[in-house]
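Here are some exercises to work through with the model open beside you. Try each task on your own before you read the solution.

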Amino acid sequence: MTLDKSKIRILFLAIGSTSLTWMLNHHFGLGPIVASGLVGVIAALFIPGALAGIAYTSSFVGMSSLAVLPSLIIALLGGLIVGIVIIATTEVYAGIGGKGGTTAAAAALVTKAITGLIG
Amino acid sequence: MNTLLIICTAIVAGVATYIIANNFNKGAVLASASVTLVSGIIFPYFFPTMGTTLMVVAACASYGGMVSRKNAPSLIDMIMISSIIGLLFTLTATSYAGVGGRLGTIAAISCFTWIGVRNSATAATRARKSDAYSKPVGVWQ
């Protein structure tokens, strides 16, 4: 997998969206649903087409509880992992409702496993 | 009673997302995010006891409502997907709690379930029809 400009943009967007949702969820106490909804609406209004979907998918990772993403650094790692998963699975099951959530769940579980290994 | 309320909430949220996305052409992301945001604000306010659960169900159904028209061509399909989401949500309430993306996974499983059931029913109907045509009929039997 080569890293071209668009893939780097996706990775940065995923990291930004996940960490923003995590901040709204835990730091500002909005809760996961409102935090993700807010990030999704902002993304849909200000980011074009497919990139908005990527931002929304990444925001699902930021909905994780503190048991899964205990700090902002781990949330950044979660964003990076969901970005990689999104790039790797762009064509898989397109048009199925919940595809983004499944991608996010996979990324959240991988992040949890990695943080568990690091300790 | 609670299960019925959960299923009804899922149907309303799923259908609302589907209509905003497809009939009003606002796109799946804006449709789902706006339904999620509104339900996150409204449900805890109007239902102090069950509001938290209902807003999560509504968010889950809104992820299901992001299904494309190719996979869910009619509102009946969306109602069935939403019903499965509501039912699955009640069955899996304690599974993977706190993992981001859990609700989307429930939505995806519900979509696959309904598409599978629908395709199986279509295939069964087709097989029955072709079976009926292939049966020898007439006075010579």
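**Exercise 1.** Is Asn25(A) buried or exposed? Work out where the residue sits and what surrounds it.

*Solution.* Keep in mind throughout that this is a predicted model.

Step 1: find the element. Asn25(A) belongs to helix 1 of chain A, which covers residues 5-27.

Step 2: apply the cut-off. Buried means under 20% relative accessible area. The value for Asn25(A) is 8%, so the residue is buried.

Step 3: look at the surroundings. Setting aside neighbours within four places in sequence, the contacts of Asn25(A) include Leu30(A), Pro32(A), Ala35(A) and Met63(A). The side chain of Asn25(A) also makes a polar contact with the side chain of His26(A), at 3.4 Å.

**Exercise 2.** Describe the contact between chain B and chain A, beginning with its extent.

*Solution.* Step 1: count the residues. Chain B contributes 33 residues and chain A contributes 31 residues.

Step 2: give the area. The size of an interface is often expressed as the accessible area lost when the parts come together. Here about 2200 Å² is buried between chain B and chain A, with carbon and sulfur atoms giving 77% of that area. On the chain B side, Val29(B), Leu37(B) and Tyr63(B) lose the most area to chain A, together 23% of what that side buries.

Step 3: list the polar features. The rule finds 0 salt bridges across this interface, and 5 residue pairs in polar contact, both residues at pLDDT 80 or more.

Step 4: map the chain B side. Helix 2 (28-46), helix 3 (51-64) and helix 5 (102-134) of chain B each supply at least two residues to the side that touches chain A. By class, that side has 19 nonpolar, 13 polar and 1 charged residues.

**Exercise 3.** How are the rings of Phe60(A) and Tyr63(B) arranged?

*Solution.* Step 1: start from the whole structure, where a search over all chains finds 5 aromatic pairs.

Step 2: read the geometry. A pair of aromatic rings is described by the distance of the centres and the angle of the planes. For Phe60(A) and Tyr63(B), the centres are 4.5 Å apart and the planes are at 50°, so the pair counts as tilted.

Step 3: place both partners. Phe60(A) lies in helix 3 (residues 49-62) of chain A and Tyr63(B) in helix 3 of chain B, so the pair joins two chains. Both Phe60(A) and Tyr63(B) are buried.

Step 4: widen the view. Tyr56(A) forms one aromatic cluster with Phe60(A) and Tyr63(B).

**Exercise 4.** Find the salt bridge in the structure and describe its two ends.

*Solution.* Step 1: count. Over all chains, the rule gives 1 salt bridge.

Step 2: name the partners. The side chains of Asp77(B) and Arg118(B) meet in it, at 3.3 Å from N to O. The pair links distant parts of the chain: Asp77(B) is in helix 4 (residues 75-91) of chain B and Arg118(B) is in helix 5 of chain B, 41 residues apart.

Step 3: judge exposure. Asp77(B) has a relative accessible area of 7%, so this end is buried. Arg118(B) has 21%, so this end is partly exposed.

**Exercise 5.** Where does Gly27(B) lie?

*Solution.* Step 1: Gly27(B) is in the loop between helix 1 (2-23) and helix 2 of chain B.

Step 2: its relative accessible area is 30%, so Gly27(B) is partly exposed.

Step 3: Gly27(B) and Thr17(B) are 10 residues apart in sequence, and 9.4 Å apart in space from C-alpha to C-alpha.

Definitions and conventions:
Residues numbered from 1 in each chain as written. Chains lettered and ligands numbered in written order. Predicted model: local features only at pLDDT ≥ 70, side-chain atom pairs only at ≥ 80, totals over all residues. Heavy atoms only, no water. Contact = heavy atoms within 4.5 Å. Buried area = accessible area lost by both parts, 1.4 Å probe. Salt bridge = Lys/Arg side-chain N within 4 Å of Asp/Glu carboxyl O. Polar contact = N/O pair within 3.5 Å; in protein donor to acceptor, adjacent residues only side chain to side chain. Helix = DSSP H or I, 4+ residues; strand = E, 2+ residues; numbered from the N terminus. Nonpolar A, V, L, I, M, F, W, Y, C, P; charged D, E, K, R; others polar. Phe/Tyr/Trp six-rings, centres within 6.5 Å; stacked < 30°, edge-to-face > 60°. Buried < 20%, exposed > 50% of the residue type's maximum accessible area, 1.4 Å probe, protein only.
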